[in-house]
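Here are some questions about how terms such as buried, contact and donor are applied to a structure, each followed by a reasoned answer.

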Amino acid sequence: MSELEFLNALRVEMVRHRELRPGARSHELFQTSTIEALLGGVFDGDLSLSELLEHGDLGLGTLNGLDGELIVIDGDAWKASRDCTLSRAPRSSRTPYAVVVPFSPGPPAAVRGPLQYAALGQVIGHRLEGTLRPVAVRIDGRFEHIRVRSVAKQRRPYPPLAEALAQQGISDLHDVSGTMVGFGFPHPLDGIEMIGWHLHFASDTRTRGGHVLDFALRDGIAHLDDTTELQVELPPAVDVHHSAVIDQDALRRLERDR
Ligand SMILES: [Zn+2]
C-alpha cells in the first residue's frame, strides 16, 4: 500500500484487492483500476459489483469484457447494453473500471435551462481548473435531448479501448426525464481518470441510458459532493506507480499559481 499527500488537497491511496477495507467514507472516491489501463485494453478486473457498492452508492464504469456502461444511482447498479437499453447489473458481475462515492452532497441547486454540456461547470458553479479535488455530481432533470452511447462486450484478445469504441452504439433520446451521475476530474489526475466531466445517464423509467456524449437540459436539480480522498484498487494486471501516473507538471503549475 502506498499513500501520497500533496497540497493537503487530495489524498490518493493505491491498494490491492487483499488490502481493501470494507465500508465507505464520506467524500472518499473509490475506484477500481485506471482509465489508462482501460484505454490499453485491460477489460477484466477482480472486483465484484457487491464489493464495489460497499464503497459508494453513486457512480459509473463498465463491466468485465467491456460489457456495457455501468450506472450506479441510489445504490442500484444498471447496465446499458449497446442499444442503450438498461437492465439490472448482477451483483456477482465484475468490473474492470468503475468509480463510486458514498454520495453526500451539499444543498441542492435548481438549474434553469436550457443548459448545454459545454456550459455545465459554469452553471453548476464548479470549476475544474485550479483544483486537485474531483467533484461528484448528480443532476435530476428534464432533457430536451440527450445523446448516450454504450459498448458491446468484447472478445479476447481485447483490442485497445479506441478500437472497441469504434463499434459503440449511439442513441438520441428526446424529451426524457432522468438522472445524470458522474464526476468532474481535474487535469492532474490524468492517467488515473478521464479528465473533465464524465457522466452517465439513466432515464426515470430506468429503461434507457449510457455514457453521456451530449445533452440539452430543460431544467433540473443539481447536487454536488466535493471529494477529499481517492482510493484506487489496482487489479493484478495493472501495476502503476502513482507518482508517474499523476501529472507532475500540472501539479507544479498549480503550486506556482498559489
Ligand atoms: Zn463513461
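Q: What makes residues count as being in contact with serine 33, once its neighbours within four places in sequence are left aside?
A: In this predicted model, contact requires heavy atoms within 4.5 Å, and beyond its neighbours within four places in sequence serine 33 is in contact with Pro96, Tyr97, Val232, Glu233, Pro235 and Val238. Serine 33 itself sits in the loop between β3 (28-32) and α1 (35-39).

Q: Why does serine 33 count as buried or exposed?
A: A residue is called buried under 20% relative accessible area, and serine 33 has a relative accessibility of 1%, so serine 33 counts as buried.

Q: What makes His198, His200 and His211 the residues that coordinate the zinc ion?
A: A donor atom has to be N, O or S and lie within 2.8 Å of the metal, and the zinc ion is coordinated at 2.1 Å by NE2 of His198, NE2 of His200 and ND1 of His211. Along the sequence these donor residues follow the spacing H-x1-H-x10-H. Histidine 198 belongs to strand β14 (residues 196-203) and histidine 211 to strand β15 (residues 209-226), so the pair ties together parts that are 13 residues apart in sequence. Both histidine 198 and histidine 211 are buried.

Q: Which residues touch the most other members of the largest nonpolar core?
A: This core has 36 residues, of which Ile71, Phe183 and Leu230 touch the most other members. Another core, of 23 residues, lies apart from it and includes Tyr117, Ile124, Ile139 and Ile146. In soluble globular proteins, nonpolar side chains tend to be buried together.

Notes. Residues numbered from 1 in each chain as written. Predicted model: local features only at pLDDT ≥ 70, side-chain atom pairs only at ≥ 80, totals over all residues. Heavy atoms only, no water. Donors = N, O, S within 2.8 Å, 3.2 Å for Na, K, Ca; no water. Helix = DSSP H or I, 4+ residues; strand = E, 2+ residues; numbered from the N terminus. Buried < 20%, exposed > 50% of the residue type's maximum accessible area, 1.4 Å probe, protein only. Core = buried A, V, L, I, M, F, W, Y, C linked by side-chain atoms within 4.5 Å.
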